[in-house]
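Grab a coffee and open the viewer. Below are a few exercises, each with a solution worked out in steps.

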Amino acid sequence: MHADTSEAGDAPVKLACRGLWKVFGEHADRVLERSGGAPDAAILARHGLTAAVRDASLDVHTGEVFVIMGLSGSGKSTLVRCLSRLVEPSLGTLTLEDRDLLAAPERELTEIRRHQMGMVFQHFALLPHRDVLGNVAFPLEIQGIGRDEREGRAREMIELVGLDGYEARRPAALSGGQQQRVGIARSLAVDPELWFLDEPFSALDPLIRREMQDELLRLQRVLHKTVIFITHDFDEAIRLADRVAIMKAGEIVQVDTPERLVLSPADDYVAEFTRHVPAAKVVSVSSVMRHEDTAPAGAAEIGAEERIEAVAPRVLAAGTSLRVRDPGSGRVVGTIGRDEVIAVLAGTGGGHE
Amino acid sequence: MNEAVAERTGAGGGLSRTAVTVAAVVLALFVADRLAGWLPWVGVYPGSWELPVSDWVSGVMEWLLQDAAIGGIGFRSVVRSLATLLSVPLEAGTLVLAKGFELPFGGGMTLPALSWLGVAAALVLFGARVGGRRLATLLFFTVAYLAFFGQWQSAMTTIASILVAVPVGLVLGLLLGLAAYRHPAFERVLRPVLDLMQTVPIFAYLVPVLVLFGFGPVAAVVATVIYAMPPMARVTIVALRGVSEEILEFARMSGCTRRQLTWRVLVPAARQGLMVGVNQVIMLSLNMVIIASMIGAGGLGYDVLRALRRLQIGDGLEAGVAITLIAIATERLGRALTDGTRSRARLPRRHFGLLLAAVVALPTIAGVFWSPLAGVPDALTVSTAEYWGRLVAWVNTELYGPLNGAKSVLLVYVLIPFKRALVALPWTGVVAALAVLSHRLGGWRLAAGVTALALFIAVTGNWEKAMITVYLCGISVAIAALIGIPLGIWSAASDRVHRVTTTVVDTLQTLPSFVYLIPVVMLFQVGDFSAMVAIVLYALAPAVRYTDHGIRGVPAETIEAARMCGCTRGQIRWRVQLPLALPEIMLGLNQTIMMALSMLVITALVGTRDLGQEVYIALTRADIGAGLVAGLCVAFIAMIADRLIGAWVARRRAALGLA
């Protein structure tokens, strides 16, 4: 059930890593080499080394929002930096589509970063000496793209994140939320395929954070990027993610859809996070419906992928059962009624495990 | 109850630690003093033990000049080509700003220097644009003073050399800082060198510069750069370190090349911090103006120096005021430029540039036909020199009694006894006492370092002069602290006082050190007493500033807690604010000592008998070895004070949990 390919289904794998390690400390590489690629805790401790990332294996599929969630010190930031090679992994393999990223020479890596990757940072990392337009155009500028073209493209991005009119402002004159919008626009300016977001909303106030999460979902519906999103906030993770990887002490504990994380946490650590998540928020209609079409003729229809939280008012108001249709195939796949919905809302229903 | 007992014994423990240290220091001095009765070498360092370090240094210098070569190219010719390189912009600047340019072809055709009226008007306009009406007013008075007090020509010569020295210093400092930022190994080498460059008195390296580059404006620029550059390198390292890791990661993620990362991200992102360095370089370069004129800078500095040598107080004062005004105006201009809160200008930048060019060019061209526009007409200039001369004469006759009385009392009852006592101390005792003290404060490593520095002074035969230096510096620092710390406390207590002291302290710090000598000599003639007064004035600023800052830095919450405990205002001041601010106050004192030592060397001009005099004499004789060694001794005194105070502050901060 950990199988990494579980739900993301048919989309091809964009970024994959296998057995990725990052070990900090003196002579880390030599120790790793001697231990043959699988150092255990005792060896690391004896040499005074710290493993920030231990044996991480992931497949990130094209077009999905992949969230890496963990508390501070869990190694999530180091992992994402290994995936972009901002930090050089100590061991393991890393492939972008079919290319071996770890073998890429500096020049090729620069090219990949210039055209295929974008990154948003926790503290925005805006250039204080440039205005909004200059910041967003920067990644294009260093590629040597002419002023008209890059500024045109930058203006589009600024409009996309809803900051038109602010082009001439300096970052210092913007609120935190606005600054991060600039960060987002800038990371999208090169139209990257792979979009890294490193705790992008952690430095923002709760209300703004929510607004920015909606903004991200909106952008993703338009752009269909492959997103790797880092957060320490479990609610944020299940709100945004197609799939979540949960990290603890450098290790990936579980990779799954939010729904499955809540319904069947891999261990107590994951369960600790999911305990307070209302099931209705993550459980979809398809996991609690009856798998036969018993709804009366003329009953209203709902989508199989919808969350219980979203359909509950309709089901409860409807008096009869509702028909469930799979939007992918267009076929009717089952029926859902008051009982199933109430069970989820009451926290007693848990799908068909 | 138990806690109270524990508290008291705790305090007692601290006290006894201090008491032990003091007792050990006194014991070391006492034992050495007794011993000196039987063994003379314990008391006075024997001349026959002196190592001829200065001869060795001179020898190395000789070798550098005569024989040294890098890859077949003689060191000497490297220096010469460097000099030529510098002389081109320097001469161009002087010609354009001050002298006019004689065309090489066509007999007698000259391009005129820029018209004074044009330059003045352009400066005021520029000031108005970047700093509004206040800055424009300041610039107006500055240029008016320069023009109508007959200082224009000299001022332009000075500005021309500053215009060369500052950019060179900035670029050099930036590159060194960048290299140190990139390569930690290089930083480990650079740091002590910068330390030394900043503590060795300026006079000491004027000598080698003089020997290498010869007397003239180029040597002056080189000396200025050496003096003004170190803070830029330091500030650059700090500023670059301050750029957040995320911004660097962003740059890499955008696919920046190494060069793009440096020049488009790293350096611009650090620009706020770098501007501090720019300001420092400008200030120090102006500070150097008078000293640089000793090796041929010309301009205002030379005017001051000449006046001071001839005791023409009025002329010196007028030129000194001119330098001061330039320094203040430049500082304010720089601050306005970097504030970022630029007033929203109506004209776009390019049009404004054209306007400035026109304002300068039109009077310059017109000046060819109507000479009052080319140079300030004599009829317009005034001089107050005569009045100052009369004032000095009046002071000398009318106020001689009281002034001289005060001076004599201080000399006879404080200065001279203190000096005698210090000189009489056995050198071995002092070294031992320093060793004990530094060991108590900072352990074996500090003790070893401090002892080595002190021994160097003895071994090179400079012990007695060093003691005189310590005496003059010590008295001046004590007086500066007695005046400055209460002022700082006062200014921390009241916002109004704070505003006044900040302005005064800022202004005092922009004054070139030489300027302090003029009024002092005017009132007290030459000698130790004048030197002391000048040093106190010059070194006062940090004592005030750090005290004020330290007390204001005590957290408001702590004060509130004290008030809620029912402390009176006096109790808050003495039991809460001052103990917590003490480490910061000590840092101010440290700074005061550093400034006092740097001033000390300059006061050699008014006839002291310390290491400063030694350096100054070496300068006049172009004796590289003696100058450098005496300079190093001054630097080592500064370093000993700095390390000891630094160790104490670190200890105290750790105890207060401020580290």
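**Exercise 1. A residue in a chain A loop**

Is A125(A) buried or exposed? Work it out, then look at its backbone and at E97(A).

*Solution.* Keep in mind that this is a predicted model.

Step 1: Count the neighbours. A125(A) has 26 other C-beta atoms within 10 Å. The cut-off for buried is 20 or more, so A125(A) is buried, with its count of 26.

Step 2: Find its place. A125(A) sits in the loop that runs between strand 6 (117-120) and helix 5 (132-141) of chain A.

Step 3: Check the backbone. The phi angle of A125(A) is positive, near 55°, and the residue is not a glycine.

Step 4: Now turn to E97(A). Its phi is positive too, near 50°, again in a residue other than glycine. E97(A) belongs to the loop between strand 4 (91-96) and strand 5 (99-100) of chain A. With 14 other C-beta atoms within 10 Å, E97(A) is partly exposed.

**Exercise 2. Size up the two chains**

Describe the make-up and overall dimensions of chain A, then do the job again for chain B.

*Solution.*

Step 1: Take the secondary structure. Chain A has 15 helices and 13 strands, while chain B comes to 27 helices and 4 strands.

Step 2: Test chain A against a compact globule. For 353 residues, the expected radius of gyration is near 20 Å, and the 23 Å of chain A agrees with that.

Step 3: Run the test on chain B. For 659 residues the expectation is near 26 Å, and chain B, at 27 Å, agrees.

Step 4: Draw the boxes. Along the principal axes, the C-alpha atoms of chain A fill roughly 65 × 60 × 35 Å, and those of chain B roughly 90 × 65 × 60 Å.

Step 5: Look inside. Buried residues make up 43% of chain A and 45% of chain B.

Step 6: Finish with the contacts that have a separation of 6 or more. Residues 24 or more positions apart account for 68% of these in chain A and for 79% in chain B.

**Exercise 3. A helix that doesn't run straight**

How many Å does helix 5 of chain B span between its end C-alpha atoms? Set that against a straight helix, then find the kink.

*Solution.*

Step 1: Get the expected span. Helix 5 of chain B covers residues 116-148, and a straight helix of 33 residues would span 48 Å at 1.5 Å a residue.

Step 2: Compare. The end C-alpha atoms of helix 5 of chain B are only 11 Å apart.

Step 3: Locate the bend. Helix 5 of chain B has a kink of about 145°, centred on G131(B).

Step 4: See what comes after. G150(B) follows helix 5 of chain B, and its phi is positive, near 70°.

**Exercise 4. Where the domains of chain B meet**

Map the contact between the two domains of chain B, starting from the domain 1 side.

*Solution.*

Step 1: Set the bounds. Domain 1 of chain B is 110-391, and domain 2 is 399-424 + 437-656. Their C-alpha centres lie 28 Å apart.

Step 2: Count the residues. Domain 1 of chain B puts 29 residues into the contact and domain 2 puts in 30.

Step 3: List the contributors. On the domain 1 side, the elements giving two or more residues include helix 7 (184-199), helix 12 (271-287) and helix 15 (313-339) of chain B. Helix 15 of chain B gives the most, with 9 residues.

Step 4: Sort by chemistry. The domain 1 side divides into 23 nonpolar, 5 polar and 1 charged.

**Exercise 5. Where chain B touches chain A**

Which helix of chain B gives the most to the side that touches chain A?

*Solution.*

Step 1: Count both sides. The contact involves 17 residues of chain B and 18 residues of chain A.

Step 2: Pick out the helices. Helix 10 (245-253) and helix 11 (258-269) of chain B each supply at least two residues on the chain B side. Helix 10 of chain B gives the most, with 6 residues.

Step 3: Sort by chemistry. The chain B side divides into 7 nonpolar, 5 polar and 5 charged.

**Exercise 6. One last residue**

Is E386(B) buried or exposed?

*Solution.*

Step 1: E386(B) is part of helix 17 (residues 385-398) of chain B.

Step 2: E386(B) has 10 other C-beta atoms within 10 Å, and that makes it exposed.

Step 3: Check across the chain. The C-alpha atoms of E386(B) and G314(B) are 6.6 Å apart, although 72 residues separate the two along the chain.

How values were computed:
Residues are numbered from 1 along each chain as its sequence is written. Chains are lettered from A and ligands numbered from 1 in the order in which they are written. This is a predicted model: local features need pLDDT of at least 70, side-chain atom pairs count only at pLDDT 80 or more; totals for chains, interfaces and linings use all residues. The radius of gyration is taken over C-alpha atoms; the globule rule is 2.2 Å times the number of residues to the power 0.38. A residue is buried if 20 or more other C-beta atoms lie within 10 Å of its own, exposed if 12 or fewer, and partly exposed in between; C-beta atoms are placed from the backbone. Two residues are in contact if their C-beta atoms, placed from the backbone, lie within 7 Å. Domain bounds come from an automatic or database domain assignment. Ala, Val, Leu, Ile, Met, Phe, Trp, Tyr, Cys and Pro count as nonpolar, Asp, Glu, Lys and Arg as charged, and the others, Gly among them, as polar. The expected span of a helix is 1.5 Å times one less than its number of residues. The bend at a residue is the angle between axes fitted to the seven residues ending there and the seven starting there.
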